[in-house]
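Biologist: Could you take me on a close look at the open spaces in this protein, and then at one part of its fold? I am new to this, so please go step by step.

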Amino acid sequence: MHAVAIVAAAGSGSRLGADRPKALVPLAGRPLVCWAVDGLLDGGVAEVVVTVPAAEREAFAAVLPAAVRIVDGGATRTASVRAGLAALSDPAHPAADVVLVHDAARPLTPPDVVARVLAAIAAGAPAVVPVLPVVDTTVLVDDDGAVVDAVPRAPLRRVQTPQGFARDVLERAYAALPEGAELTDDAAVVRASGVRVDTVAGDERSAKVTVPHDLTLAGLAVTVDGTVTR
Ligand code: CTP
Ligand code: MG
(Lines give C-alpha, C1' and ligand atoms only; values in the text may rest on other atoms or scores of the structure.)
(Ligands and ions follow the chains in the order given, each with its own letter.)
Protein backbone atom coordinates (compact mmCIF):
# COMPACT_ATOMS: atom_id res chain seq x y z
CA MET A 1 0.00 0.00 0.00
CA HIS A 2 1.42 3.39 -1.02
CA ALA A 3 -0.70 6.13 0.55
CA VAL A 4 -0.49 9.73 -0.60
CA ALA A 5 -2.28 12.58 1.15
CA ILE A 6 -3.67 15.58 -0.69
CA VAL A 7 -3.88 18.54 1.69
CA ALA A 8 -6.37 21.21 0.61
CA ALA A 9 -4.68 24.46 1.59
CA ALA A 10 -5.62 26.80 -1.25
CA GLY A 11 -8.38 28.70 0.55
CA SER A 12 -8.08 32.30 1.69
CA GLY A 13 -9.62 31.89 5.13
CA SER A 14 -12.11 34.74 4.77
CA ARG A 15 -13.99 33.82 7.96
CA LEU A 16 -10.76 33.68 9.97
CA GLY A 17 -9.88 37.13 8.64
CA ALA A 18 -6.09 36.86 9.13
CA ASP A 19 -3.46 38.81 7.21
CA ARG A 20 -2.45 35.74 5.17
CA PRO A 21 -4.00 32.54 3.76
CA LYS A 22 -5.46 30.45 6.59
CA ALA A 23 -3.05 27.54 6.06
CA LEU A 24 -0.10 29.87 6.76
CA VAL A 25 -1.55 31.31 9.98
CA PRO A 26 0.64 30.30 12.92
CA LEU A 27 -0.53 28.00 15.71
CA ALA A 28 2.01 28.00 18.56
CA GLY A 29 4.54 29.46 16.13
CA ARG A 30 4.06 27.01 13.23
CA PRO A 31 1.75 27.41 10.23
CA LEU A 32 -1.46 25.35 10.34
CA VAL A 33 -0.45 23.49 7.18
CA CYS A 34 2.78 22.26 8.84
CA TRP A 35 0.84 20.81 11.76
CA ALA A 36 -1.54 19.08 9.35
CA VAL A 37 1.27 17.60 7.24
CA ASP A 38 3.09 16.29 10.33
CA GLY A 39 -0.03 14.51 11.56
CA LEU A 40 -0.46 12.76 8.22
CA LEU A 41 3.18 11.62 8.04
CA ASP A 42 3.13 10.48 11.69
CA GLY A 43 -0.05 8.52 10.97
CA GLY A 44 1.52 6.48 8.17
CA VAL A 45 1.09 8.42 4.93
CA ALA A 46 4.12 8.00 2.63
CA GLU A 47 3.91 11.21 0.62
CA VAL A 48 2.07 14.55 0.81
CA VAL A 49 0.81 16.88 -1.93
CA VAL A 50 -0.32 20.33 -0.75
CA THR A 51 -2.57 22.47 -2.96
CA VAL A 52 -1.89 26.18 -2.38
CA PRO A 53 -3.08 29.57 -3.66
CA ALA A 54 -1.08 30.07 -6.89
CA ALA A 55 0.29 33.42 -5.73
CA GLU A 56 1.62 31.90 -2.48
CA ARG A 57 3.77 29.02 -3.72
CA GLU A 58 6.98 30.50 -2.38
CA ALA A 59 5.56 31.24 1.04
CA PHE A 60 4.43 27.61 1.35
CA ALA A 61 7.73 26.25 0.02
CA ALA A 62 9.54 28.25 2.68
CA VAL A 63 7.75 26.51 5.55
CA LEU A 64 7.01 22.98 4.28
CA PRO A 65 9.48 20.06 4.34
CA ALA A 66 11.34 19.74 1.02
CA ALA A 67 9.76 16.33 0.26
CA VAL A 68 6.25 17.80 0.25
CA ARG A 69 4.95 18.51 -3.26
CA ILE A 70 3.30 21.88 -3.82
CA VAL A 71 0.56 22.22 -6.46
CA ASP A 72 -1.53 25.23 -7.48
CA GLY A 73 -5.08 24.86 -6.13
CA GLY A 74 -8.27 26.19 -7.69
CA ALA A 75 -11.05 28.65 -6.95
CA THR A 76 -13.02 26.11 -4.92
CA ARG A 77 -12.09 23.21 -2.65
CA THR A 78 -13.40 20.79 -5.26
CA ALA A 79 -11.12 22.37 -7.89
CA SER A 80 -8.17 22.25 -5.50
CA VAL A 81 -8.65 18.53 -4.83
CA ARG A 82 -8.97 17.92 -8.57
CA ALA A 83 -5.60 19.66 -9.03
CA GLY A 84 -4.05 17.53 -6.31
CA LEU A 85 -5.42 14.35 -7.87
CA ALA A 86 -4.04 15.30 -11.29
CA ALA A 87 -0.58 15.69 -9.72
CA LEU A 88 -0.69 12.04 -8.59
CA SER A 89 -0.26 10.94 -12.21
CA ASP A 90 3.23 12.51 -12.39
CA PRO A 91 5.45 9.56 -13.41
CA ALA A 92 8.36 11.05 -11.46
CA HIS A 93 6.70 9.88 -8.24
CA PRO A 94 5.84 6.38 -6.98
CA ALA A 95 2.31 5.37 -7.99
CA ALA A 96 -0.14 5.70 -5.13
CA ASP A 97 -2.89 3.14 -4.61
CA VAL A 98 -4.47 4.90 -1.62
CA VAL A 99 -5.35 8.60 -1.37
CA LEU A 100 -6.25 10.54 1.76
CA VAL A 101 -7.74 14.01 1.38
CA HIS A 102 -7.29 16.34 4.34
CA ASP A 103 -7.98 19.99 5.21
CA ALA A 104 -5.02 22.15 6.20
CA ALA A 105 -7.63 23.82 8.39
CA ARG A 106 -7.61 20.74 10.67
CA PRO A 107 -4.09 21.13 12.10
CA LEU A 108 -4.37 18.92 15.17
CA THR A 109 -5.81 15.71 13.72
CA PRO A 110 -4.14 12.98 15.79
CA PRO A 111 -1.99 10.44 13.89
CA ASP A 112 -4.26 7.73 15.36
CA VAL A 113 -7.13 9.01 13.23
CA VAL A 114 -4.95 8.88 10.11
CA ALA A 115 -3.93 5.33 11.02
CA ARG A 116 -7.58 4.27 11.50
CA VAL A 117 -8.50 5.63 8.06
CA LEU A 118 -5.53 3.86 6.45
CA ALA A 119 -6.37 0.59 8.23
CA ALA A 120 -9.96 0.65 6.98
CA ILE A 121 -8.80 1.10 3.39
CA ALA A 122 -6.15 -1.62 3.83
CA ALA A 123 -8.94 -3.91 5.07
CA GLY A 124 -10.80 -3.41 1.81
CA ALA A 125 -13.12 -0.40 2.25
CA PRO A 126 -13.23 1.67 -0.97
CA ALA A 127 -13.91 4.87 0.98
CA VAL A 128 -13.90 5.86 4.65
CA VAL A 129 -14.56 9.01 6.68
CA PRO A 130 -13.81 9.81 10.33
CA VAL A 131 -16.99 10.81 12.17
CA LEU A 132 -18.21 11.98 15.57
CA PRO A 133 -21.66 11.84 17.16
CA VAL A 134 -23.88 14.92 17.30
CA VAL A 135 -24.01 16.06 20.92
CA ASP A 136 -26.51 18.94 20.75
CA THR A 137 -30.25 18.59 20.44
CA THR A 138 -30.85 19.02 16.71
CA VAL A 139 -34.03 20.49 15.24
CA LEU A 140 -35.69 21.38 11.96
CA VAL A 141 -36.92 24.97 11.59
CA ASP A 142 -39.31 26.56 9.11
CA ASP A 143 -38.59 29.64 6.97
CA ASP A 144 -39.52 31.90 9.92
CA GLY A 145 -37.07 30.19 12.26
CA ALA A 146 -39.75 28.41 14.29
CA VAL A 147 -38.90 24.89 15.43
CA VAL A 148 -40.87 22.34 13.44
CA ASP A 149 -39.51 19.12 14.87
CA ALA A 150 -36.60 17.53 16.71
CA VAL A 151 -34.36 15.33 14.57
CA PRO A 152 -33.49 11.92 16.05
CA ARG A 153 -29.81 12.32 16.86
CA ALA A 154 -28.68 8.72 17.21
CA PRO A 155 -28.04 8.08 13.49
CA LEU A 156 -26.45 11.51 12.83
CA ARG A 157 -22.68 12.01 12.55
CA ARG A 158 -20.37 14.98 12.00
CA VAL A 159 -17.87 14.24 9.21
CA GLN A 160 -14.19 15.18 9.45
CA THR A 161 -11.04 14.67 7.43
CA PRO A 162 -8.73 12.99 6.46
CA GLN A 163 -11.05 10.97 4.24
CA GLY A 164 -9.51 7.88 2.68
CA PHE A 165 -10.09 6.26 -0.69
CA ALA A 166 -8.80 3.59 -2.98
CA ARG A 167 -7.14 5.80 -5.59
CA ASP A 168 -9.08 4.39 -8.56
CA VAL A 169 -12.38 4.95 -6.72
CA LEU A 170 -11.59 8.62 -6.03
CA GLU A 171 -10.28 9.26 -9.56
CA ARG A 172 -13.35 7.68 -11.16
CA ALA A 173 -15.67 9.68 -8.90
CA TYR A 174 -14.00 13.01 -9.74
CA ALA A 175 -13.94 12.13 -13.44
CA ALA A 176 -17.70 11.52 -13.29
CA LEU A 177 -18.43 14.75 -11.38
CA PRO A 178 -19.68 17.42 -13.81
CA GLU A 179 -17.26 20.34 -14.20
CA GLY A 180 -18.44 23.14 -11.92
CA ALA A 181 -20.33 20.85 -9.52
CA GLU A 182 -19.38 21.63 -5.93
CA LEU A 183 -19.82 19.10 -3.15
CA THR A 184 -18.73 19.86 0.41
CA ASP A 185 -16.41 16.91 0.81
CA ASP A 186 -14.75 14.12 -1.14
CA ALA A 187 -16.88 11.36 0.33
CA ALA A 188 -19.91 13.10 -1.17
CA VAL A 189 -18.20 12.99 -4.59
CA VAL A 190 -17.56 9.27 -4.15
CA ARG A 191 -21.07 8.55 -2.91
CA ALA A 192 -22.45 10.39 -5.94
CA SER A 193 -20.61 7.79 -8.04
CA GLY A 194 -22.50 5.01 -6.25
CA VAL A 195 -19.71 3.78 -3.99
CA ARG A 196 -20.28 2.85 -0.33
CA VAL A 197 -18.56 5.11 2.24
CA ASP A 198 -17.64 3.57 5.60
CA THR A 199 -16.92 5.35 8.88
CA VAL A 200 -14.27 5.18 11.60
CA ALA A 201 -14.07 7.13 14.85
CA GLY A 202 -12.99 10.74 14.44
CA ASP A 203 -11.56 12.94 17.19
CA GLU A 204 -12.57 16.30 18.69
CA ARG A 205 -8.97 17.43 18.18
CA SER A 206 -9.55 17.24 14.42
CA ALA A 207 -11.85 20.28 14.73
CA LYS A 208 -11.68 22.63 11.76
CA VAL A 209 -10.27 26.12 12.26
CA THR A 210 -12.92 28.32 10.65
CA VAL A 211 -13.40 31.42 12.84
CA PRO A 212 -10.95 33.13 15.25
CA HIS A 213 -12.37 31.30 18.29
CA ASP A 214 -11.37 27.97 16.73
CA LEU A 215 -7.76 29.15 16.55
CA THR A 216 -7.93 30.14 20.21
CA LEU A 217 -9.13 26.64 21.13
CA ALA A 218 -6.43 24.98 19.00
CA GLY A 219 -3.83 27.14 20.72
CA LEU A 220 -5.10 26.00 24.11
CA ALA A 221 -5.00 22.37 23.01
CA VAL A 222 -1.31 22.77 22.19
CA THR A 223 -0.17 24.93 25.09
CA VAL A 224 -2.41 23.97 28.01
CA ASP A 225 -4.06 20.62 27.36
CA GLY A 226 -0.80 18.76 26.74
CA THR A 227 -2.60 16.00 24.81
CA VAL A 228 -1.15 17.22 21.51
CA THR A 229 2.44 16.11 21.47
CA ARG A 230 3.90 16.77 18.06
N1 CTP B 1 -9.60 25.07 0.22
C2 CTP B 1 -8.86 24.85 -0.93
N3 CTP B 1 -9.15 25.55 -2.08
C4 CTP B 1 -10.15 26.45 -2.09
C5 CTP B 1 -10.95 26.66 -0.92
C6 CTP B 1 -10.64 25.94 0.22
O7 CTP B 1 -7.92 24.06 -0.92
N8 CTP B 1 -10.39 27.13 -3.20
C9 CTP B 1 -9.22 24.39 1.46
C10 CTP B 1 -8.89 25.37 2.59
O11 CTP B 1 -7.54 25.85 2.43
C12 CTP B 1 -9.13 24.56 3.84
C13 CTP B 1 -10.16 23.52 3.39
O14 CTP B 1 -10.28 23.60 1.97
O15 CTP B 1 -7.98 23.92 4.32
C16 CTP B 1 -11.51 23.74 4.06
O17 CTP B 1 -12.05 24.96 3.62
P18 CTP B 1 -12.44 26.19 4.55
O19 CTP B 1 -12.32 25.83 5.98
O20 CTP B 1 -13.73 26.74 4.04
O21 CTP B 1 -11.22 27.22 4.26
P22 CTP B 1 -11.28 28.57 3.44
O23 CTP B 1 -12.10 28.39 2.21
O24 CTP B 1 -9.87 29.01 3.28
O25 CTP B 1 -12.00 29.53 4.47
P26 CTP B 1 -13.26 30.53 4.20
O27 CTP B 1 -14.37 29.65 3.63
O28 CTP B 1 -13.57 31.10 5.55
O29 CTP B 1 -12.77 31.56 3.22
MG1 MG C 1 -14.20 27.93 2.32
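Modeller: By class, the lining of the largest pocket is made up of nine nonpolar, 13 polar and seven charged residues. Keep in mind that this is a predicted model. The volume of the largest pocket is about 690 Å³. Of the 29 residues that line the largest pocket, Arg15, Lys22, Arg77, Asp103 and Lys208 are the closest to its centre, so try finding those five on your screen as a starting point.

Now let's turn to the second largest pocket, which has a volume of about 250 Å³. Its lining has seven nonpolar and five charged residues, with no polar ones. The charged residues in that lining are Glu204, Arg205, Lys208, Asp214 and Asp225. The nonpolar part of the lining is Pro107, Leu108, Ala207, Val209, Leu217, Ala218 and Ala221. You have met Lys208 already: it lines the second largest pocket, and it is also among the residues closest to the centre of the largest pocket.

What about enclosed space? Searching the whole structure turns up one cavity of 30 Å³ or more. The largest cavity holds about 30 Å³ of space. Around this cavity you will find Val4, Glu47, Arg69, Leu88, His93, Pro94, Ala95, Ala96 and Arg167. Sorted by class, that lining has five nonpolar residues, one polar residue and three charged residues.

For the part of the fold, let's choose helix 4, which covers residues 111-122. A nice check to begin with is its length: at 1.5 Å a residue, its 12 residues should span 16 Å, and the C-alpha atoms at its ends are 16 Å apart, which agrees. Which residues of helix 4 are buried? They are Val113, Val114, Val117, Leu118, Ala120 and Ile121. If you look down the axis of helix 4, its buried residues fall within an arc of 160°, so they line one face of the helix. Asp112 and Ala122, on the other side of helix 4, are exposed.

And what do the buried residues of helix 4 pack against? Their partners are strand 1 (3-8), helix 1 (32-42), strand 6 (98-103), strand 7 (127-133), strand 11 (163-166) and strand 12 (198-201). To finish, move just past the end of helix 4: there, glycine 124 takes a positive phi of about 115°.

How values were computed:
Residues are numbered from 1 along each chain as its sequence is written. Chains are lettered from A and ligands numbered from 1 in the order in which they are written. This is a predicted model: local features need pLDDT of at least 70, side-chain atom pairs count only at pLDDT 80 or more; totals for chains, interfaces and linings use all residues. Side-chain values use heavy atoms; hydrogens and water are left out. Helices (H or I, at least four residues) and strands (E, at least two) are DSSP runs, numbered from the N terminus. The expected span of a helix is 1.5 Å times one less than its number of residues. Buried means under 20% relative accessible area, exposed over 50%, partly exposed in between (1.4 Å probe, protein chains only). The arc is that of the directions from the helix axis to the C-beta atoms. Contact means heavy atoms within 4.5 Å. On a 1 Å grid over the protein atoms alone, a cavity is a set of points where a 1.4 Å probe fits but cannot get out, and a pocket is an open set with protein on both sides within 12 Å along at least five of seven lines; lining residues have an atom within 4 Å of a point. Grid points are joined across faces, edges and corners, and a volume is the space filled by probe spheres set on the points.
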